[in-house]
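Please walk me through this structure, from its ring contacts to its strands and its single residues. Keep the sentences short.

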Amino acid sequence: FFPLQSQLSQALNGLSDRAKEAKEFLVQLRNMVQQIQENSVEFEACLVAQCDALIDALNRRKAQLLSRVNKEHEHKLKVVRDQISHCTVKLRQTTGLMEYCLEVIKENDPSGFLQISDALIRRVHLTEDQWGKGTLTPRMTTDFDLNLDNAPLLQSIHQLDFVQMKVSSPVPAPPILQLEECCTHNNSATLSWKQPPLSTVQVEGYILELDDGNGGQFREVYVGKETMCTVDGLHFNSTYSARVKAFNKTGVSPYSKTLVLQTSEDTQSEEQTLPFPVPLERSQLRRMSPFSSTLNLQPSFPGRSYFELRSSAHQLSLHSSLQSLNSAGEPIAWFSFDPASAHADIIFSNDNLTVTCNSYDDRVVLGKTGFSKGLHYWELSIDRYDNHPDPAFGVARIDVLKDAMLGKDDKAWAMYVDNNRSWFMHNNSHTNRTEGGITKGATVGVLLDLTRRTLTFSINEDQQGPVAFENLEGLFFPAVSLNRNVQVRALTALLPLQCVLMLSSVG
């Protein structure tokens with residue numbers, strides 16, 4: 001009897017412990033219910049706030065886009081109303097002349113008629129000529145060439161979802177610079193890298209950094225998934241340090257070892273007195289063969305990037321000074337137009353050598369290469385022109401206004417031209433009106449002589465006006481402003497005729 005009581009008592013003790021644990025577990029579950037409710041309210045509030053923020057951003061963008069439509073509307077109305085006013089005045093003058101001539105024809109005094117007939121005939125012909133080609137053609141279309149591309153945004157909205165928290169993966173290992181594929185070419189550098197062979201950590205991208213060529217701070221020049229990058233527009237005869245690191249969602253790897261590269265020398269030719277070229281013959285010069293590079297490894301040291309990121313899938317340009325002409329007859333600088341710094345309305349084609357615009361307002365586009373010394377010459381071929389707009393050509397600082405005619409601010413030095421005449425303009429000051437304009441197929445030449453600090457222009461290989469600007473100093477980029485009725489094509493890596501002859505004699 002007693003052993004059975006003891007056995008039952010022990011069994012009850014065990015069951016009592018389970019019951020106690022169950023009560024504690026129920027309390028835990030009830031607490032979880034309360035916590036889930038509280039977390040749900042907090043999470044819903046956060047979700048609503050995030051969605052409201054997206055809606056607010058969309059409403060702000062909607063207002064901005066509507067403002068652009070209104071501006072286009074006002075611009076079209078202004079152009080059409082101005083043409084209505086101009087045509088009305090001319091029609092009133094023409095009608096008045098016709099009525100006067102009819103009265104003169106009715107006059108019975110032959111001697112009086114003979115005295116004024118020649119003058120009236122000339123005036124009638126002159127008035128008729130004023131109604132020339134284009135006068136009775138609308139300067140503005142009624143269409144609104146503004147197509148909203150909302151497909152990417154709709155796709156992003158459909159893909160909007162919750163991100164599940166996952167266990168973090170390790171940070172990547174430091175990349176390895178591939179010395180056999182790294183080289184310098186003229187004033188550009190190509191760098192190549194890879195992940196360590198045994199590394200299994202996922203990499204989302206790489207960050208390439210260069211210093212300023214004088215041992216200064218590093219700057220980020222490329223961020224992306226590519227493992228090769230060419231950096232253009234470096235200083236000649238300079239030593240640059242480069243390093244790269246990898247990153248993923250977890251973090252950033254340590255830096256690779258630092259690579260030191262030497263850009264090529266560039267010997268300035270002896271100073272010559274060169275008037276503006278009148279080139280009867282001109283060949284487009286090839287780019288230089290790659291220079292042998294000086295490479296060595298040294299321990300990496302910490303640096304902090306301070307330049308704005310400008311990434312590209314394969315290539316990124318650093319705006320810096322460029323020496324163009326040397327005594328050995330080496331090719332001078334080649335450049336294309338720069339989409340990264342251009343106004344959003346500029347349209348690029350032909351490997352960024354040809355530009356036009358989708359707006360009736362003037363928009364500015366710059367060349368990729370900046371000049372701070374030497375002699376530079378390039379041409380702009382007018383591939384499309386309807387005799388109405390005033391395109392402008394010249395040079396500018398990198399921070400020039402992009403939504404106004406070139407020369408409207410103090411950051412540009414330009415010549416603007418129509419089909420009859422041209423003017424020089426800087427800081428909205430117009431000078432040196434010169435007869436002679438452009439047509440489709442014309443060529444505008446720009447001669448930037450930073451040895452004498454002057455800027456000169458030509459049209460169809462004839463100098464247009466005097467020296468346009470003097471005392472130029474600093475970093476200048478080739479620049480153009482145009483609207484949708486103009487298309488220009490850059491012809492670069494050119495030498496003025498006198499330079500070609502001089503270099504030929506040296507050879």
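This predicted model holds 9 aromatic pairs. One of them joins Phe335 and Phe371. Their ring centres lie 6.3 Å apart, and the planes meet at 70 degrees, an edge-to-face arrangement. Phe335 sits in the loop between strand S10 (315–317) and S11, while Phe371 sits in the loop between strand S13 (363–366) and strand S14 (375–385). The pair therefore ties together parts that are 36 residues apart in sequence. Phe371 also pairs with Trp378. Here the centres are 5.9 Å apart and the planes are at 25 degrees, so this pair is stacked. Phe335 is buried at 3% relative accessibility. Phe371 is buried at 2%, and Trp378 is buried at 3%.

Ring pairs also link Trp193, Tyr206 and Tyr222 into a cluster. Tyr206 has a strand partner too: it stands opposite Gly224 in S5. Strand S4 (residues 205–210) and S5 pair in the antiparallel sense, over 5 bridges. In strand S5 (residues 219–224), 5 of the 6 residues are buried, so the strand is largely enclosed by the rest of the structure.

Strand S6 (residues 228–232) is likewise largely enclosed, because 4 of its 5 residues are buried. S6 runs antiparallel to strand S3 (residues 188–194), and 4 bridges join them. Within this pairing, Ala189 has Val231 of S6 as its bridge partner.

Two charged side chains sit over rings. The charged end of Lys76 is over Phe144, 5.5 Å from the ring centre. The charged end of Arg484 is over Tyr360, 4.9 Å from the ring centre.

Now the sheet. Strands of a sheet pair through backbone hydrogen bonds, either parallel or antiparallel. In this model, 7 strands form an open sheet with antiparallel pairing, in the order S11-S12-S23-S14-S19-S20-S21. Which strands stand at the edges? They are S11 (346–349) and S21 (462–463). Each has a single partner strand, so one side of each is left without a neighbour in the sheet. At the S21 end, strand S20 (residues 454–459) pairs with S21 over 2 bridges, in the antiparallel sense. One bridge partner there is Gln463 of S21, which is matched with Ser458.

Ala479 belongs to another strand, S22 (residues 477–482). Is Ala479 buried or exposed? Its relative accessible area is 2%, so it counts as buried. Its contacts beyond four places in sequence include Val365, Leu366, Phe393 and Leu406. Val364 is 115 residues away along the chain, yet the C-alpha atoms of Ala479 and Val364 are separated by 7.0 Å.

Helix H2 (residues 110–130) has 21 residues. From first to last C-alpha it reaches 30 Å, close to the 30 Å expected at 1.5 Å a residue. H2 has a kink of about 40 degrees, centred on Ile116. Its buried residues are Ser117, Leu120 and Thr127.

Finally, the backbone angles. Most residues other than glycine have a negative phi, and most peptide bonds are trans. Asp351 has a positive phi of about 55 degrees, although it is not a glycine. It lies in the loop between S11 and strand S12 (354–357). At 68% relative accessible area, Asp351 is exposed. Asn427 also has a positive phi of about 55 degrees. Asn427 is in the loop between strand S17 (421–426) and strand S18 (429–435). Its relative accessibility is 47%, so Asn427 counts as partly exposed.

How values were computed: Residues are numbered from 1 along each chain as its sequence is written. This is a predicted model: local features need pLDDT of at least 70, side-chain atom pairs count only at pLDDT 80 or more; totals for chains, interfaces and linings use all residues. Side-chain values use heavy atoms; hydrogens and water are left out. Buried means under 20% relative accessible area, exposed over 50%, partly exposed in between (1.4 Å probe, protein chains only). Contact means heavy atoms within 4.5 Å. Two strands pair if DSSP finds at least two bridges between them. The expected span of a helix is 1.5 Å times one less than its number of residues. The bend at a residue is the angle between axes fitted to the seven residues ending there and the seven starting there. Rings of Phe, Tyr and Trp (its six-membered ring) pair if their centres lie within 6.5 Å; planes under 30 degrees apart count as stacked, over 60 as edge-to-face and the rest as tilted. A charge sits over a ring if NZ of Lys or CZ of Arg is within 6 Å of the ring centre and within 35 degrees of the ring normal.
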